[in-house]
Amino acid sequence: MRKDIIKPIQRLSFRDEVYQTLKKWIITLELHPEERLSDKELAEKFGISRTPVREALKRLEDEGLVQSLPGSSTYVAPLNVTEAKHAFTVVAVLHALAARLACPVLKETDLQTLEASNNALQLAIEQGDVIQAIEADTHFHKVFLDAAGNPEIVLALERSIPKIQRLEVSQFNTLKGLHSVEQHNHIIAACRNGEYEKVVRLVEENWLSLGELLTQSPEPR
């Protein structure tokens, strides 16, 4: 067999797989705020050793999603409105920067993806499906992130976005979600009209208005 045609099989390591799974459970509140996390129990559930679980938990702790005390248990970080409020400010600026870089190179297929994602967002909101709504919103803004082609923006967002998404899940029923759909429509229209500075402003306002709505709501339980 020719060795030059054999390619390495790409797959997530146990650590990355556990990390991604736990992160999803924390964001969707399947793991409740302040719920205790035992590396031994998690390792048994995943059917792996405790080492990759500990590595995943350490990574989540570095991102502020997990907390631990010396000699004490590890647990899911509580929801923190103040922390999320700070995160929204950063996220809004970074997404506005991505829009600024992306606008000159957006293609028709990108605009069609924006429209499809926004339609999916509206449907998810109408059906009361918070997870699908967050995924659709993520796909919408990913168009700008991909077109911008700056991986540093994506890396900077990775720490802040989960804190925002947890708050979105916890307060989904209190949100006027369709307002975001309307804002997205204005963003798409500005893109089509070549009004790039307007797009940048609208993208930033989209995130800041969501942040204002979420952080002014009652403290999550």
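**Entry 1: helices 2 and 3**

I started with the contacts between two helices in this predicted model. On the helix 2 side I found Asp39, Lys40, Leu42 and Ala43, and they meet Arg50, Val53, Arg54 and Leu57 of helix 3. Next I looked up the geometry. Two packed helices are described by the angle between their axes and the distance between the axes. For helix 2 and helix 3 (residues 50-62), the axes come within 9 Å and cross at roughly 120 degrees. I also noted the hand of this crossing, which is right-handed.

**Entry 2: two more residues of helix 3**

While I was there, I checked Glu55, which also has its place in helix 3. Is Glu55 buried or exposed? The answer falls in between: Glu55 is partly exposed, at a relative accessible area of 37%. I then took a long-range distance from Glu55 to Glu152, a residue 97 places away along the chain. Their C-alpha atoms are separated by 23 Å.

My other stop was Arg59. Which ring does its charged end sit over? I found the ring of Tyr19 there, with the charged end of Arg59 at 3.7 Å from the ring centre.

**Entry 3: aromatic pairs**

How many aromatic pairs does the structure hold? I have two on my list. A pair of aromatic rings is described by the distance of the centres and the angle of the planes, so I wrote down both values each time.

Trp25 and Phe46 are stacked, with 6.0 Å from centre to centre and 15 degrees between the planes. This pair links distant parts of the chain, since Trp25 belongs to helix 1 (residues 14-27) and Phe46 to helix 2 (residues 39-46), 21 residues apart. Trp25 is partly exposed at 29% relative accessible area, and Phe46 is partly exposed at 28%.

Phe140 and Phe144 have ring centres 6.2 Å apart and planes at 65 degrees; planes over 60 degrees apart count as edge-to-face, so this pair is edge-to-face. Both residues lie in helix 6 (residues 130-148), four residues apart, which is about one turn of the helix. Phe140 counts as buried at 0% relative accessibility, and Phe144 is buried too, with a relative accessible area of 2%.

**Entry 4: the sheet**

I turned to the strands next. Strands of a sheet pair through backbone hydrogen bonds, either parallel or antiparallel. Here I found an open sheet of three strands in the order 1-3-2, with antiparallel pairing. Why is one side of strand 1 (36-37) and of strand 2 (66-68) left without a neighbour in the sheet? Both stand at the edges and have a single partner strand each, so one side of each stays unpaired in the sheet.

I followed one pairing down to residues. Strand 1 pairs with strand 3 (residues 74-76) in the antiparallel sense, over two bridges. In strand 3, Thr74 is the residue that stands opposite Leu37.

**Entry 5: Val91**

My last look was at Val91, in helix 4 (residues 81-102). Val91 is buried, with a relative accessible area of 0%. Which residues does Val91 touch, leaving out those up to four places away in sequence? I noted Leu157, Ser160, Ile161, Ile164 and Trp207. I also checked Val91 against Ser117: the two are 26 residues apart in sequence and 19 Å apart in space, C-alpha to C-alpha.

Conventions
Residues numbered from 1 in each chain as written. Predicted model: local features only at pLDDT ≥ 70, side-chain atom pairs only at ≥ 80, totals over all residues. Heavy atoms only, no water. Pairing = 2+ DSSP bridges. Phe/Tyr/Trp six-rings, centres within 6.5 Å; stacked < 30°, edge-to-face > 60°. Buried < 20%, exposed > 50% of the residue type's maximum accessible area, 1.4 Å probe, protein only. Lys NZ or Arg CZ within 6 Å of the ring centre and 35° of its normal. Axes fitted to C-alpha atoms, helices over the stretch in contact; angles between N-to-C directions. Left-handed = near helix turned anticlockwise from the far one by under 90°. Contact = heavy atoms within 4.5 Å.
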